[in-house]
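Trainee: Could we go through the pockets and the ligand in this one together? I'd like to take it one question at a time.

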Amino acid sequence: MNLSDEFQRVLGRAKAICVLTGAGMSAESGVPTFRGADGLWKKFKPEELANFEAFIRNPQLVWEWYNYRRQLIEKVVPNAGHAALAKMEDLVDRFTLVTQNVDNLHRVAGSKRILELHGNIMRSLCTECATKTDDPHLATEKGVPRCKKCGGLIRPDVVWFGEMLPAGVFEEAERAAGLCDVFLSVGTSAIVYPAASLPQAAKRSGAYTVEINIEATEQSDLFDEVMRGKAGEVLPCIAETLQMTKGVKP
Ligand code: BV8
Ligand code: ZN
């Protein structure tokens with residue numbers, strides 16, 4: 001897939017790139033999206049699973065849902081799109097990867113500077129003393145895991161609806177969006193806030209904004225350019241073009 005002349009020109013001069021990714025980024029790895037035809041919200045109701053009240057009401061059910069997703073994610077690998085973003089990180093002075101995804105695939109693909117807006121499904125958190133654990137198997141024991149330190153209920157370390165994002169993470173993402181030359185929005189339906197406000201922030205500050213998605217979203221008209229295609233196919237083209245414009249040997 002060729003990039004437009006304008007996009008190639010902007011990439012050649014870019015010093016700072018900011019990328020926002022959503023569930024569509026991991027679709028080609030086999031991780032179901034939320035709102036697509038076979039999305040998670042088709043089978044499960046977010047209000048029953050992705051909020052704190054639901055967790056307190058039925059922690060066992062919520063943990064079953066997260067364990068189902070963890071086991072699924074443990075079987076998948078990053079795709080060419082994740083690898084392309086990891087490669088792009090070293091091709092410009094300032095590269096910021098902001099993800100709404102909790103599936104850890106950007107980290108597995110080698111990206112280093114990742115802002116996880118919605119947490120990470122492989123981490124757990126005590127609801128009483130906020131102790132974090134990286135043990136993704138802790139919730140496979142029967143019943144709901146309890147904190148070894150204080151006996152409190154342990155929850156997945158993800159941001160649920162109505163919850164604040166991790167302190168400082170969104171502010172850092174907003175700064176990166178406001179200072180970048182190129183902003184890419186990849187595989188997100190642009191419905192969930194405050195993440196969905198980042199493309200507008202980039203646009204307002206004069207960045208060249210590109211949406212990469214297999215279908216139109218509520219925000220498509222806002223972008224300077226829309227590349228209709230799969231993340232795993234489009235992002236390697238962008239990384240390759242960036243490499244060439246920077247005169248870096250492939
Ligand atoms: C907040 C949990 C401040 C983790 C998720 C009333 C009261 C309180 C808040 C609100 C309110 N009204 C609105 C809000 C804000 C609310 C919100 O935005 N609601 C929406 C639904 C309207 N936001 C919040 O609550 C946030 N917190 O605002 O705090 C506050 C606090 C209290 C009171 C007031 C304010 C917290 C948001 C985080 C919610 N947590 N998940 C988990 O289990 O995963 S959201 C969930 O949606 C996921 O985290 C996901 O990341 C996120 C966004 O979804 P997408 O990633 O975009 O995925 P989706 O399936 O939708 O789209 C996939 C796209 O990919 C599609 O466009 C598809 O075409 C494309 N695609 C598919 N395949 C490919 C592809 N593209 C490219 N290539 C492919 N191969
Ligand atoms: Zn505790």
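Trainee: Which strand gives the most to the lining of the second largest pocket?

Mentor: Keep in mind that we're looking at a predicted model. Strand 4 (119–126) and strand 6 (154–158) each bring at least two residues to that lining. With four residues, the top contributor is strand 6.

Trainee: And what is the volume of the second largest pocket?

Mentor: Start with its walls: 13 residues line the second largest pocket, and the closest to its centre are L125, K132, D157, V159 and P166. By class, that lining has six nonpolar, one polar and six charged residues. The volume comes out at about 230 Å³.

Trainee: Where does ligand 1 sit, then? Which pocket is the space taken by ligand 1?

Mentor: Look for the pocket with about 1100 Å³ of space. Of its 50 lining residues, A23, G24, T33, F34 and R35 are the closest to the centre. The space ligand 1 takes is that one, the largest pocket.

Trainee: Which helix gives the most to the lining of the largest pocket?

Mentor: Several elements chip in at least two residues each: helix 2 (24–27), helix 3 (40–43), helix 6 (59–74) and strand 8 (208–213). By class, the whole lining has 27 nonpolar, 15 polar and eight charged residues. The most, five residues, comes from helix 6.

Trainee: Now the ligand itself. Which residue puts a polar side-chain atom 2.6 Å from an oxygen atom of ligand 1?

Mentor: Set the backbone partners aside: a polar backbone atom of A23 is 2.8 Å from an oxygen atom of the ligand, and one of E163 is 2.7 Å from a nitrogen atom. The side-chain partner is among the closest residues around ligand 1, a set made up of R35, Y66, G162, S189 and Y193. The one you want is S189.

Trainee: How much of ligand 1's accessible area does the protein cover?

Mentor: Take ligand 1 on its own and its accessible area is 1500 Å². Then put the protein back, with 33 residues surrounding the ligand. The covered share is 76%.

Trainee: Last one: how many residues in the shell around ligand 1 are nonpolar?

Mentor: Helix 2 and helix 6 are the elements that give two or more residues to this shell. Sorting the shell by class, you get eleven polar and six charged residues. The nonpolar count is 16.

How values were computed
Residues are numbered from 1 along each chain as its sequence is written. Chains are lettered from A and ligands numbered from 1 in the order in which they are written. This is a predicted model: local features need pLDDT of at least 70, side-chain atom pairs count only at pLDDT 80 or more; totals for chains, interfaces and linings use all residues. Side-chain values use heavy atoms; hydrogens and water are left out. A residue is near a molecule or strand if one of its heavy atoms lies within 4 Å of it. A polar contact is a pair of N or O atoms within 3.5 Å; within protein, one must be able to donate a hydrogen and the other to accept it, and residues adjacent in sequence count only if both atoms are side-chain atoms. Accessible areas come from the Shrake-Rupley method with a 1.4 Å probe; for residues, only the protein chains shown count as cover. On a 1 Å grid over the protein atoms alone, a cavity is a set of points where a 1.4 Å probe fits but cannot get out, and a pocket is an open set with protein on both sides within 12 Å along at least five of seven lines; lining residues have an atom within 4 Å of a point. A molecule sits in a cavity or pocket if more than half of its atoms lie within 2 Å of its grid points. Ala, Val, Leu, Ile, Met, Phe, Trp, Tyr, Cys and Pro count as nonpolar, Asp, Glu, Lys and Arg as charged, and the others, Gly among them, as polar. Grid points are joined across faces, edges and corners, and a volume is the space filled by probe spheres set on the points.
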